[in-house]
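Visitor: Please choose one part of this structure and go through it closely, with enough of the surroundings that I can place it. I would like to know how the charged side chains are arranged, and what lies around them.

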Amino acid sequence: MMDWAWIAVVIVLILLVLILLASCVKIVPQAHALVIERLGAYQGTWGVGIHFKVPFIDRVAKRVLLKEQVVDFAPQPVITKDNVTMRIDTVVFFQITDPKLFAYGVENPIMAIENLTATTLRNIIGDLELDETLTSRETINTKMRASLDVATDPWGIKVNRVELKNIIPPTAIQDAMEKQMKAERERREAILRAEGEKKSTILVAEGKKESAILDAEAEKQAAILRAEARKEATIREAEGQAEAILKIQQANADGLRFLKEAAPDASVLQLKSLEAFAKAADGKATKIIIPSEIQGVAGLAKSVVEIAADKQ
(Lines give C-alpha, C1' and ligand atoms only; values in the text may rest on other atoms or scores of the structure.)
Protein backbone atom coordinates (compact mmCIF):
# COMPACT_ATOMS: atom_id res chain seq x y z
CA MET A 1 0.00 0.00 0.00
CA MET A 2 2.86 2.36 0.80
CA ASP A 3 4.36 1.78 -2.63
CA TRP A 4 1.18 2.72 -4.34
CA ALA A 5 0.90 5.88 -2.32
CA TRP A 6 4.41 6.93 -3.20
CA ILE A 7 3.73 6.24 -6.86
CA ALA A 8 0.61 8.41 -6.76
CA VAL A 9 2.51 11.24 -5.09
CA VAL A 10 5.24 11.04 -7.70
CA ILE A 11 2.73 11.12 -10.51
CA VAL A 12 1.03 14.13 -9.00
CA LEU A 13 4.36 15.91 -8.62
CA ILE A 14 5.29 15.14 -12.22
CA LEU A 15 1.97 16.50 -13.42
CA LEU A 16 2.44 19.65 -11.36
CA VAL A 17 5.92 20.12 -12.81
CA LEU A 18 4.60 19.63 -16.34
CA ILE A 19 1.80 22.10 -15.72
CA LEU A 20 4.28 24.57 -14.27
CA LEU A 21 6.63 24.18 -17.22
CA ALA A 22 3.76 24.56 -19.65
CA SER A 23 2.69 27.77 -17.94
CA CYS A 24 6.19 29.12 -18.33
CA VAL A 25 6.08 28.69 -22.12
CA LYS A 26 4.43 31.64 -23.88
CA ILE A 27 3.69 31.88 -27.58
CA VAL A 28 2.99 35.44 -28.76
CA PRO A 29 0.77 35.60 -31.89
CA GLN A 30 1.08 38.11 -34.71
CA ALA A 31 0.15 41.76 -33.94
CA HIS A 32 0.40 41.14 -30.19
CA ALA A 33 2.98 41.91 -27.50
CA LEU A 34 3.46 40.92 -23.87
CA VAL A 35 4.86 43.23 -21.19
CA ILE A 36 6.88 41.12 -18.74
CA GLU A 37 7.73 42.08 -15.14
CA ARG A 38 10.35 40.36 -12.98
CA LEU A 39 9.79 40.70 -9.27
CA GLY A 40 7.45 43.62 -9.96
CA ALA A 41 9.83 45.57 -12.21
CA TYR A 42 9.64 45.92 -15.98
CA GLN A 43 11.77 43.16 -17.49
CA GLY A 44 11.01 43.43 -21.24
CA THR A 45 8.52 43.22 -24.06
CA TRP A 46 7.99 39.96 -25.87
CA GLY A 47 7.18 40.09 -29.55
CA VAL A 48 5.94 37.42 -31.94
CA GLY A 49 7.27 33.90 -31.24
CA ILE A 50 7.86 31.47 -28.37
CA HIS A 51 9.20 32.67 -25.02
CA PHE A 52 10.01 31.18 -21.60
CA LYS A 53 9.58 32.86 -18.26
CA VAL A 54 11.04 32.06 -14.88
CA PRO A 55 8.40 30.47 -12.65
CA PHE A 56 7.19 32.55 -9.69
CA ILE A 57 9.55 35.39 -10.65
CA ASP A 58 8.37 36.58 -14.09
CA ARG A 59 4.79 37.47 -14.86
CA VAL A 60 2.86 38.89 -17.79
CA ALA A 61 1.98 42.44 -16.71
CA LYS A 62 -0.08 43.36 -19.78
CA ARG A 63 -1.18 41.91 -23.09
CA VAL A 64 -1.09 44.54 -25.83
CA LEU A 65 -2.87 44.49 -29.19
CA LEU A 66 -0.79 46.18 -31.88
CA LYS A 67 -3.52 46.38 -34.55
CA GLU A 68 -5.21 49.68 -35.36
CA GLN A 69 -8.21 50.07 -33.09
CA VAL A 70 -11.38 52.13 -33.35
CA VAL A 71 -13.32 53.67 -30.48
CA ASP A 72 -16.65 55.43 -30.88
CA PHE A 73 -17.23 57.93 -28.09
CA ALA A 74 -20.66 59.07 -26.96
CA PRO A 75 -21.88 62.53 -28.08
CA GLN A 76 -20.26 65.34 -26.13
CA PRO A 77 -21.99 68.70 -25.47
CA VAL A 78 -20.02 71.64 -26.89
CA ILE A 79 -20.71 75.37 -27.20
CA THR A 80 -19.84 77.33 -30.32
CA LYS A 81 -18.45 80.84 -30.49
CA ASP A 82 -21.96 82.26 -31.06
CA ASN A 83 -23.28 80.44 -27.92
CA VAL A 84 -25.07 77.56 -29.63
CA THR A 85 -24.99 74.30 -27.69
CA MET A 86 -24.74 71.15 -29.78
CA ARG A 87 -23.75 67.53 -29.35
CA ILE A 88 -20.93 65.93 -31.31
CA ASP A 89 -19.82 62.30 -31.24
CA THR A 90 -16.38 61.37 -32.51
CA VAL A 91 -14.64 58.27 -33.80
CA VAL A 92 -10.93 57.86 -33.03
CA PHE A 93 -8.60 55.49 -34.91
CA PHE A 94 -5.45 54.76 -32.91
CA GLN A 95 -2.64 52.23 -32.75
CA ILE A 96 -0.29 51.22 -29.93
CA THR A 97 3.30 51.78 -30.97
CA ASP A 98 5.12 51.25 -27.62
CA PRO A 99 3.70 48.51 -25.35
CA LYS A 100 5.84 49.61 -22.37
CA LEU A 101 4.57 53.22 -22.45
CA PHE A 102 1.04 51.94 -23.02
CA ALA A 103 1.31 49.69 -19.94
CA TYR A 104 2.84 52.27 -17.62
CA GLY A 105 1.96 55.62 -19.16
CA VAL A 106 -1.65 56.04 -18.04
CA GLU A 107 -4.00 53.99 -15.88
CA ASN A 108 -6.89 53.71 -18.36
CA PRO A 109 -5.74 54.71 -21.85
CA ILE A 110 -9.19 54.50 -23.53
CA MET A 111 -10.84 56.67 -20.90
CA ALA A 112 -7.92 59.07 -21.09
CA ILE A 113 -8.33 59.34 -24.87
CA GLU A 114 -12.08 59.91 -24.49
CA ASN A 115 -11.63 62.73 -21.97
CA LEU A 116 -8.83 64.24 -24.01
CA THR A 117 -11.03 64.09 -27.13
CA ALA A 118 -13.88 65.86 -25.34
CA THR A 119 -11.69 68.70 -24.03
CA THR A 120 -9.91 69.15 -27.36
CA LEU A 121 -13.21 69.21 -29.20
CA ARG A 122 -14.62 71.87 -26.87
CA ASN A 123 -11.52 74.02 -27.37
CA ILE A 124 -11.71 73.81 -31.16
CA ILE A 125 -15.50 74.30 -31.43
CA GLY A 126 -15.33 77.23 -28.99
CA ASP A 127 -13.39 79.21 -31.61
CA LEU A 128 -15.90 78.51 -34.40
CA GLU A 129 -19.40 79.73 -35.10
CA LEU A 130 -22.29 77.41 -35.92
CA ASP A 131 -22.03 77.72 -39.69
CA GLU A 132 -18.27 77.21 -39.61
CA THR A 133 -18.71 74.14 -37.42
CA LEU A 134 -21.13 72.58 -39.88
CA THR A 135 -18.95 73.28 -42.91
CA SER A 136 -15.47 72.69 -41.44
CA ARG A 137 -15.48 69.01 -40.55
CA GLU A 138 -12.19 68.32 -42.31
CA THR A 139 -10.47 71.21 -40.55
CA ILE A 140 -11.80 70.08 -37.16
CA ASN A 141 -10.70 66.49 -37.84
CA THR A 142 -7.18 67.59 -38.76
CA LYS A 143 -6.77 69.82 -35.70
CA MET A 144 -8.09 67.14 -33.34
CA ARG A 145 -5.83 64.45 -34.80
CA ALA A 146 -2.75 66.63 -34.46
CA SER A 147 -3.62 67.62 -30.87
CA LEU A 148 -4.47 64.06 -29.75
CA ASP A 149 -1.40 62.59 -31.43
CA VAL A 150 0.88 64.91 -29.48
CA ALA A 151 -0.96 64.30 -26.20
CA THR A 152 -1.03 60.50 -26.52
CA ASP A 153 2.59 60.10 -27.63
CA PRO A 154 3.87 59.66 -24.00
CA TRP A 155 1.36 56.82 -23.62
CA GLY A 156 2.77 54.87 -26.58
CA ILE A 157 -0.32 55.58 -28.67
CA LYS A 158 -0.43 57.05 -32.17
CA VAL A 159 -3.71 58.65 -33.28
CA ASN A 160 -4.10 57.99 -37.02
CA ARG A 161 -7.50 59.59 -37.70
CA VAL A 162 -10.28 61.45 -35.96
CA GLU A 163 -13.72 61.76 -37.53
CA LEU A 164 -16.76 63.74 -36.44
CA LYS A 165 -19.49 61.14 -36.76
CA ASN A 166 -22.52 63.30 -36.02
CA ILE A 167 -23.12 66.97 -35.32
CA ILE A 168 -26.46 67.38 -33.58
CA PRO A 169 -27.59 71.01 -33.17
CA PRO A 170 -30.57 71.98 -30.98
CA THR A 171 -34.09 71.32 -32.25
CA ALA A 172 -34.83 75.01 -32.81
CA ILE A 173 -31.65 75.37 -34.84
CA GLN A 174 -32.55 72.28 -36.87
CA ASP A 175 -36.00 73.71 -37.65
CA ALA A 176 -34.49 77.04 -38.68
CA MET A 177 -31.92 75.27 -40.85
CA GLU A 178 -34.61 73.19 -42.52
CA LYS A 179 -36.65 76.32 -43.28
CA GLN A 180 -33.56 78.04 -44.62
CA MET A 181 -32.72 75.05 -46.79
CA LYS A 182 -36.31 74.93 -48.06
CA ALA A 183 -36.23 78.64 -48.92
CA GLU A 184 -32.89 78.18 -50.65
CA ARG A 185 -34.21 75.27 -52.68
CA GLU A 186 -37.29 77.29 -53.69
CA ARG A 187 -35.06 80.22 -54.68
CA ARG A 188 -32.86 77.96 -56.81
CA GLU A 189 -35.94 76.40 -58.36
CA ALA A 190 -37.30 79.84 -59.25
CA ILE A 191 -33.95 80.86 -60.74
CA LEU A 192 -33.74 77.68 -62.78
CA ARG A 193 -37.31 78.13 -64.01
CA ALA A 194 -36.62 81.76 -64.99
CA GLU A 195 -33.43 80.77 -66.76
CA GLY A 196 -35.29 78.02 -68.59
CA GLU A 197 -38.01 80.41 -69.73
CA LYS A 198 -35.38 82.92 -70.80
CA LYS A 199 -33.51 80.34 -72.85
CA SER A 200 -36.80 79.13 -74.34
CA THR A 201 -37.75 82.69 -75.36
CA ILE A 202 -34.32 83.27 -76.85
CA LEU A 203 -34.50 80.03 -78.80
CA VAL A 204 -37.98 80.88 -80.13
CA ALA A 205 -36.79 84.35 -81.19
CA GLU A 206 -33.70 82.92 -82.84
CA GLY A 207 -35.87 80.36 -84.61
CA LYS A 208 -38.18 83.08 -85.94
CA LYS A 209 -35.18 85.13 -87.00
CA GLU A 210 -33.60 82.22 -88.84
CA SER A 211 -36.98 81.38 -90.41
CA ALA A 212 -37.39 84.97 -91.65
CA ILE A 213 -33.84 84.94 -93.03
CA LEU A 214 -34.47 81.65 -94.79
CA ASP A 215 -37.78 82.92 -96.19
CA ALA A 216 -36.09 86.09 -97.50
CA GLU A 217 -33.28 84.03 -98.98
CA ALA A 218 -35.77 81.68 -100.61
CA GLU A 219 -37.74 84.63 -102.03
CA LYS A 220 -34.51 86.14 -103.31
CA GLN A 221 -33.53 82.89 -105.01
CA ALA A 222 -37.03 82.55 -106.47
CA ALA A 223 -36.89 86.13 -107.83
CA ILE A 224 -33.48 85.43 -109.33
CA LEU A 225 -34.77 82.23 -110.93
CA ARG A 226 -37.86 84.04 -112.30
CA ALA A 227 -35.69 86.83 -113.71
CA GLU A 228 -33.37 84.31 -115.31
CA ALA A 229 -36.36 82.44 -116.73
CA ARG A 230 -37.81 85.68 -118.19
CA LYS A 231 -34.41 86.57 -119.57
CA GLU A 232 -34.04 83.13 -121.11
CA ALA A 233 -37.56 83.37 -122.59
CA THR A 234 -36.85 86.85 -124.00
CA ILE A 235 -33.59 85.63 -125.51
CA ARG A 236 -35.30 82.59 -127.01
CA GLU A 237 -38.14 84.77 -128.36
CA ALA A 238 -35.66 87.23 -129.89
CA GLU A 239 -33.68 84.35 -131.35
CA GLY A 240 -36.94 82.93 -132.76
CA GLN A 241 -37.93 86.26 -134.30
CA ALA A 242 -34.46 86.73 -135.73
CA GLU A 243 -34.52 83.20 -137.10
CA ALA A 244 -38.00 83.83 -138.57
CA ILE A 245 -36.85 87.09 -140.19
CA LEU A 246 -33.77 85.30 -141.47
CA LYS A 247 -35.90 82.54 -142.95
CA ILE A 248 -38.27 85.08 -144.55
CA GLN A 249 -35.36 86.92 -146.10
CA GLN A 250 -33.87 83.64 -147.18
CA ALA A 251 -37.19 82.65 -148.71
CA ASN A 252 -37.43 85.97 -150.55
CA ALA A 253 -33.89 85.56 -151.80
CA ASP A 254 -34.63 81.99 -152.87
CA GLY A 255 -37.79 83.21 -154.66
CA LEU A 256 -35.88 85.84 -156.54
CA ARG A 257 -33.21 83.31 -157.40
CA PHE A 258 -35.74 80.82 -158.62
CA LEU A 259 -37.51 83.57 -160.58
CA LYS A 260 -34.23 84.61 -162.17
CA GLU A 261 -33.31 81.06 -163.02
CA ALA A 262 -36.74 80.44 -164.55
CA ALA A 263 -36.38 83.49 -166.89
CA PRO A 264 -40.12 84.23 -166.98
CA ASP A 265 -41.63 86.01 -169.95
CA ALA A 266 -43.92 89.02 -169.87
CA SER A 267 -47.11 86.96 -169.64
CA VAL A 268 -45.88 85.08 -166.59
CA LEU A 269 -44.93 88.31 -164.90
CA GLN A 270 -48.37 89.72 -165.59
CA LEU A 271 -49.92 86.56 -164.17
CA LYS A 272 -47.77 86.77 -161.00
CA SER A 273 -48.76 90.39 -160.66
CA LEU A 274 -52.39 89.44 -160.77
CA GLU A 275 -51.76 86.71 -158.15
CA ALA A 276 -50.06 89.27 -155.98
CA PHE A 277 -53.09 91.53 -156.21
CA ALA A 278 -55.30 88.54 -155.40
CA LYS A 279 -53.25 87.78 -152.26
CA ALA A 280 -53.42 91.45 -151.35
CA ALA A 281 -57.15 91.18 -151.39
CA ASP A 282 -56.78 88.08 -149.06
CA GLY A 283 -60.11 86.79 -150.25
CA LYS A 284 -61.95 89.45 -148.28
CA ALA A 285 -62.18 92.22 -150.92
CA THR A 286 -65.29 92.30 -153.06
CA LYS A 287 -63.51 94.15 -155.81
CA ILE A 288 -59.97 94.01 -157.26
CA ILE A 289 -58.90 97.13 -159.13
CA ILE A 290 -56.23 96.39 -161.70
CA PRO A 291 -54.27 99.52 -162.67
CA SER A 292 -54.06 100.39 -166.30
CA GLU A 293 -50.34 100.45 -166.02
CA ILE A 294 -50.18 96.72 -164.98
CA GLN A 295 -48.54 95.98 -168.29
CA GLY A 296 -45.99 98.63 -167.62
CA VAL A 297 -45.38 97.14 -164.20
CA ALA A 298 -44.79 93.76 -165.79
CA GLY A 299 -42.37 95.36 -168.18
CA LEU A 300 -40.57 96.99 -165.27
CA ALA A 301 -40.29 93.65 -163.51
CA LYS A 302 -38.87 92.09 -166.62
CA SER A 303 -36.32 94.87 -166.86
CA VAL A 304 -35.29 94.21 -163.27
CA VAL A 305 -34.85 90.52 -164.02
CA GLU A 306 -32.70 91.33 -167.05
CA ILE A 307 -30.54 93.75 -165.07
CA ALA A 308 -30.07 91.08 -162.41
CA ALA A 309 -29.08 88.58 -165.09
CA ASP A 310 -26.52 90.98 -166.55
CA LYS A 311 -24.93 91.38 -163.14
CA GLN A 312 -24.56 87.67 -162.83
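**Two strands and their surroundings**

Guide: The protein chain has eight helices and nine strands. The model is a predicted one. The chain has 312 residues, of which 22% count as buried. Its accessible surface comes to about 22,300 Å², and 60% of that surface belongs to carbon and sulfur atoms. Among the contacts with a separation of 6 or more, 64% are between residues 24 or more positions apart.

The part to look at closely is the pair of strands E2 and E5. Side chains of opposite charge can pair when their charged atoms come close. A search of the whole structure finds 12 salt bridges, and two of the pairs join these strands.

Take Glu 37 and Arg 59 to begin with. They form a salt bridge in which the closest N and O atoms are 2.9 Å apart. Glu 37 belongs to strand E2, residues 32-38, and Arg 59 to strand E5, residues 58-65, so the salt bridge ties together parts that are 22 residues apart in sequence. Are the two partners buried or exposed? Glu 37 has a relative accessible area of 8%. Because buried means under 20%, Glu 37 is buried. Arg 59, at 46% relative accessibility, counts as partly exposed.

The other pair is Arg 38 with Asp 58. Their side chains meet in a salt bridge, with 2.5 Å from N to O. Arg 38 lies in strand E2 and Asp 58 in strand E5, so this pair ties together parts that are 20 residues apart in sequence. Asp 58 counts as buried, at 5% relative accessibility, whereas Arg 38 counts as partly exposed, at 36%. In the pair Glu 37 and Arg 59, the Glu is buried and the Arg is partly exposed. In the pair Arg 38 and Asp 58, the Asp is buried and the Arg is partly exposed.

Next come the loops beside these strands. Leu 39 is placed in the loop between E2 and strand E3 (41-46). Its phi is near 55°, a positive value in a residue other than glycine. Phe 56 sits in the loop between strand E4 (49-52) and E5, and its phi, near 65°, is also positive in a residue that is not glycine. Most residues other than glycine have a negative phi. Leu 39 counts as exposed at 70% relative accessibility, and Phe 56 counts as exposed at 75%.

For comparison, here is a salt bridge inside one helix. Glu 184 and Arg 187 form a salt bridge with closest N and O atoms 2.5 Å apart. Both residues lie in helix H6 (residues 171-262), and because they are three residues apart there, about one helical turn separates them. Glu 184 is partly exposed, with a relative accessible area of 27%, and Arg 187 counts as partly exposed at 44%. Salt bridges can also be linked: Arg 145, Asp 149 and Lys 158 form a network of them.

Some charged residues gather with others of like charge. Asp 82, Glu 129, Asp 131 and Glu 132 form a negative surface patch. Asp 82 is found in the loop between strand E7 (76-79) and strand E8 (85-96), and it is partly exposed, with a relative accessible area of 35%.

Val 84 is placed in the loop between E7 and E8 as well. Unlike the partly exposed Asp 82, Val 84 is buried, with a relative accessible area of 12%. The C-alpha atoms of Val 84 and Glu 129 are 8.2 Å apart in space, while the two residues are 45 residues apart in sequence. Leaving aside residues up to four places away in sequence, Val 84 touches Val 78, Ile 79, Leu 130, Pro 170 and Ile 173.

Ile 125 has contacts with two of those residues, Val 78 and Ile 79. Ile 125 is in helix H3 (residues 109-125) and counts as buried, at 0% relative accessibility. Others that Ile 125 touches include Thr 80, Lys 81, Ile 88 and Ile 140. Ile 88 is 37 residues from Ile 125 along the chain, and their C-alpha atoms are separated by 10.0 Å.

Definitions and conventions: Residues numbered from 1 in each chain as written. Predicted model: local features only at pLDDT ≥ 70, side-chain atom pairs only at ≥ 80, totals over all residues. Heavy atoms only, no water. Patch = residues over 30% accessible without salt bridge, like charges linked within 9 Å, V, L, I, M, F, W, Y side chains within 5 Å. Areas by Shrake-Rupley, 256 points an atom, 1.4 Å probe, with all protein chains shown as cover. Salt bridge = Lys/Arg side-chain N within 4 Å of Asp/Glu carboxyl O. Lys, Arg positive; Asp, Glu negative; His and termini not counted. Charge placed at Lys NZ, Arg CZ, Asp CG, Glu CD. Helix = DSSP H or I, 4+ residues; strand = E, 2+ residues; numbered from the N terminus. Buried < 20%, exposed > 50% of the residue type's maximum accessible area, 1.4 Å probe, protein only. Contact = heavy atoms within 4.5 Å.
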